[in-house]
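Hi,

Here is the structure I said I would send over. Have a look at it first, and then read on for what turned up when I went through it.

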Amino acid sequence: MKSTLAELNALREAGIIGQFAIGGAMGATFYLEPISTYDLDIFVLFENPPLILTLTPIYEFLQQRGHVPEGDAIVIHSWPVQFLPAESPLLTEAVQQAVAVDFEGVPTRVMTAGHLMAIALQTGRAKDFTRLLAFVESGVVDEVALAAILKRHGLVDAWGRFKQNYRPNP
Amino acid sequence: MSPLTAQILEQKRQRRQSLAQLPFPEKVRIVERLRDASLRISAAAQQQGLRKPAVAKPPPSDGHPL
């Protein structure tokens, strides 16, 4: 993972991507118990986005460095990495406000717990609700920060429905 | 719920909590081991005809789903 993260920093240093942050299951693993996942979700901002957003420059850069595309990801030092443009206001904010983390000497960034929860709520698949419950039960969430994120991104009603349907056991 | 089941569930909760408190690199190493183990199980299940092969994913494109 350390070498994978170093390659992501190389992409950033080459100016191909702007800020980025780890999200998805690996982002949640930063806050919770380890969660089984096959890939690494990297949400990226583009500093000078073209009219039509494309991941081609990312893939070209990484392929020149010996990494191989596989399905919907590119394998970087044994980790399939999926790049996701942070296009929505929620994703953009999540990348901008991500937490700086030192991974065994390699700097990287992980989305905040509040943003990971809001994204899971917005995405709304069964596994997202499972992850949301894990966050709620863990008690790691800053509830004031979460409430502000949910309000800014129009997710207050969805959060109310989630709590009604999936209230964790006391 | 019987006291025994309640005790087991509480122990599981405590285990999850202690795993959550591990340093991030250590948790990532656990994820890597989980991933490798589940890939081996999946391959064995396919070899024994217990599971159909996974459908190939589409090639990389923009606008990936999460």
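**What I found**

Let me start with one contact between the chains: Arg16(B) and Glu33(A) form a salt bridge, with 2.9 Å between the closest N and O atoms. Keep in mind throughout that this is a predicted model.

Arg16(B) has a second partner, since its side chain also meets that of Glu137(A) in a salt bridge, at 3.8 Å from N to O. That pair also crosses between the chains, running from helix α1 of chain B (residues 3-20) to helix α6 of chain A. Put together, Glu33(A), Glu137(A) and Arg16(B) make up a linked network of salt bridges. As for how open these positions are, Arg16(B) is partly exposed at 33% relative accessible area, and Glu137(A) is partly exposed too, at 45%. The general idea will be familiar: side chains of opposite charge can pair when their charged atoms come close.

**The rest of the interface**

How many salt bridges are there between chain A and chain B? The count is 3. On top of that, 8 residue pairs are in polar contact across the interface, with both residues at pLDDT 80 or more. On the chain A side, at least two residues each come from α2 (24-31), β5 (79-85), β6 (99-103), α5 (113-123) and α6 (126-138). The largest share belongs to β5(A), with 5 residues. Sorted by class, the chain A side has 22 nonpolar residues, 8 polar ones and 5 charged ones.

In terms of contacts, 35 residues of chain A touch 24 residues of chain B. The two chains bury about 2600 Å² between them, and 62% of that is on carbon and sulfur atoms. Glu33(A) turns up again here: along with Pro34(A) and Tyr38(A), it loses the most area to chain B, the three together giving 21% of what the chain A side buries.

**Inside chain A**

The largest nonpolar core has 64 residues, and the ones that touch the most other members are Leu8(A), Met26(A), Leu40(A), Ile42(A), Phe83(A), Leu121(A) and Phe135(A). The helix α5(A) gives the most to this core, with 7 residues. In soluble globular proteins, nonpolar side chains tend to be buried together.

If you want a place to start looking, try Leu8(A). Leaving out neighbours within four places in sequence, Leu8(A) is in contact with Ile17(A), Phe20(A), Leu40(A), Ile42(A), Ile76(A), Val81(A) and Phe83(A).

Then look at α5(A) itself. Of its 11 residues, 9 are buried, so the helix is largely enclosed by the rest of the structure. The buried ones are Ala113(A), Gly114(A), His115(A), Leu116(A), Met117(A), Ala118(A), Ile119(A), Ala120(A) and Leu121(A). What covers them includes α2, α4 (89-96), α6, α7 (143-152) and α8 (156-165) of chain A. Just after α5(A) comes Gly124(A), which takes a positive phi of about 75°.

**A histidine and two more salt bridges**

His67(A) sits in the loop between α3 (56-64) and β3 (68-70) of chain A. Is His67(A) buried or exposed? Its relative accessibility is 7%, so His67(A) counts as buried. Its side chain makes a polar contact with the side chain of Glu7(A), at 2.7 Å. Again leaving out neighbours within four places in sequence, the residues in contact with His67(A) are Glu7(A), Leu62(A), Ile74(A), Val75(A), Ile76(A) and His77(A).

Over all chains the salt bridge count comes to 10. One of them joins Asp128(A) to Arg125(A), with the closest N and O atoms 2.7 Å apart. Asp128(A) is buried, at 2% relative accessibility, whereas Arg125(A) is partly exposed at 30%.

In chain B, the side chains of Arg29(B) and Glu26(B) meet in a salt bridge at 3.5 Å, N to O. Both residues lie in helix α2 of chain B (residues 24-47), 3 residues apart, which is about one turn of the helix. Arg29(B) is partly exposed at 32% relative accessible area, and Glu26(B) is partly exposed at 26%.

Cheers

How values were computed. Residues numbered from 1 in each chain as written. Chains lettered and ligands numbered in written order. Predicted model: local features only at pLDDT ≥ 70, side-chain atom pairs only at ≥ 80, totals over all residues. Heavy atoms only, no water. Contact = heavy atoms within 4.5 Å. Buried area = accessible area lost by both parts, 1.4 Å probe. Salt bridge = Lys/Arg side-chain N within 4 Å of Asp/Glu carboxyl O. Polar contact = N/O pair within 3.5 Å; in protein donor to acceptor, adjacent residues only side chain to side chain. Helix = DSSP H or I, 4+ residues; strand = E, 2+ residues; numbered from the N terminus. Nonpolar A, V, L, I, M, F, W, Y, C, P; charged D, E, K, R; others polar. Core = buried A, V, L, I, M, F, W, Y, C linked by side-chain atoms within 4.5 Å. Buried < 20%, exposed > 50% of the residue type's maximum accessible area, 1.4 Å probe, protein only.
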